[in-house]
Amino acid sequence: MKKIIAGNWKMHKTIPEAVQLAGAIAENTDVSARVVDIIICPAFIALNSVSEKIKETEISLGAQNMHYQENGAYTGECSGAMLKSAGCKYVILGHSERRHIFKEQDWEINTKVSAAFREGLKPVLCVGETESERDTGLTNNVIERQLKTALKDVDISNIESLLIAYEPVWAIGTGRTATPEQAHDAHEFIRQLLYAMYKDASQSVPILYGGSVKPDNAHDLLLQPNIDGALVGGASLKADSFIELVNIAATE
Ligand code: PGA
């Protein structure tokens, strides 16, 4: 499976800054992009401009969230069709910041996953436990609940468009990374869950690791058999560190 490096820019970068970062990434990853899938996920407002900037490149565009309705009176929201029209191929769903800060519920994430498939977007479904859930031995229970509810009634024919990101909440933006062994165990568990649900079709689903991925820890994480790439926050905001991550993935 081709490794994937996805940058989640969160609520950073004005439109000119986003376009500049996208340009710097594009100029310096043309060789690696042949062997690594590169995805960048700017804020809604910068999607269209960044899309223009990367349209002649191998880089793909993703959004960080979407609403599950096709349209309607949902002030402040964006639909899947809007994201598609801005050039998006991917959409991050169920990110822990959405779950914990904005109180997104499992059922909502399930509806968004279905809506993304309906619109022809590839969801990057995020799952992961909090520190207290890990400390009380609930890691696998949480992953299983989040995965199974988010994928409830999802048709097997959509599975080839699905990506999963395992992001332990305690490792996001904290500088603490899961050890390669902890990440490996969670990814293996996710792989088993997907297999139980979708059998052989599940083998094509990439499982990314996210949580303080940086150039100095990426190599060991990406070496793990079930880690198919990384979803990167902080280190995706500077061209140098993101390019370095792409180049590391290209050598795995
Ligand atoms: P981080 O964020 O790399 O800054 O920990 C990852 C994410 O939230 O996707």
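**Around the ligand in a predicted model**

The shell of residues around the ligand is made up of 7 polar, 4 nonpolar and 2 charged residues. The model you are looking at is predicted.

Q: What makes a residue part of the group that surrounds the ligand, and which are the closest?
A: A residue is near the ligand if one of its heavy atoms lies within 4 Å of it. The ligand is surrounded by 13 residues, with Lys10, His95, Glu167, Gly173 and Ser212 the closest.

Q: Why is the pair formed by the ligand and Gly173 called a polar contact?
A: An oxygen atom of the ligand lies 2.7 Å from a polar backbone atom of Gly173. The cut-off for a pair of N or O atoms is 3.5 Å, so this pair is a polar contact.

Q: What makes Ser212 and Gly234 partners of the ligand too?
A: A polar backbone atom of Ser212 is 2.7 Å from an oxygen atom of the ligand, and for Gly234 the distance from a polar backbone atom to a ligand oxygen is 2.9 Å. Both values are within 3.5 Å, so both pairs count as polar contacts. The protein covers 95% of the 290 Å² of accessible area that the ligand has on its own.

Q: How do you know which pocket the ligand sits in?
A: A molecule sits in a pocket if more than half of its atoms lie within 2 Å of the pocket's grid points. The ligand takes the space of the second largest pocket, which has a volume of about 250 Å³. Among the 21 residues lining this second largest pocket, Gly173, Ser212, Gly233, Gly234 and Ala235 are the closest to its centre.

Q: What makes up the lining of the second largest pocket by class?
A: The lining has 11 polar, 7 nonpolar and 3 charged residues. Gly counts as polar.

Conventions:
Residues are numbered from 1 along each chain as its sequence is written. This is a predicted model: local features need pLDDT of at least 70, side-chain atom pairs count only at pLDDT 80 or more; totals for chains, interfaces and linings use all residues. Side-chain values use heavy atoms; hydrogens and water are left out. On a 1 Å grid over the protein atoms alone, a cavity is a set of points where a 1.4 Å probe fits but cannot get out, and a pocket is an open set with protein on both sides within 12 Å along at least five of seven lines; lining residues have an atom within 4 Å of a point. Grid points are joined across faces, edges and corners, and a volume is the space filled by probe spheres set on the points. A polar contact is a pair of N or O atoms within 3.5 Å; within protein, one must be able to donate a hydrogen and the other to accept it, and residues adjacent in sequence count only if both atoms are side-chain atoms. Accessible areas come from the Shrake-Rupley method with a 1.4 Å probe; for residues, only the protein chains shown count as cover.
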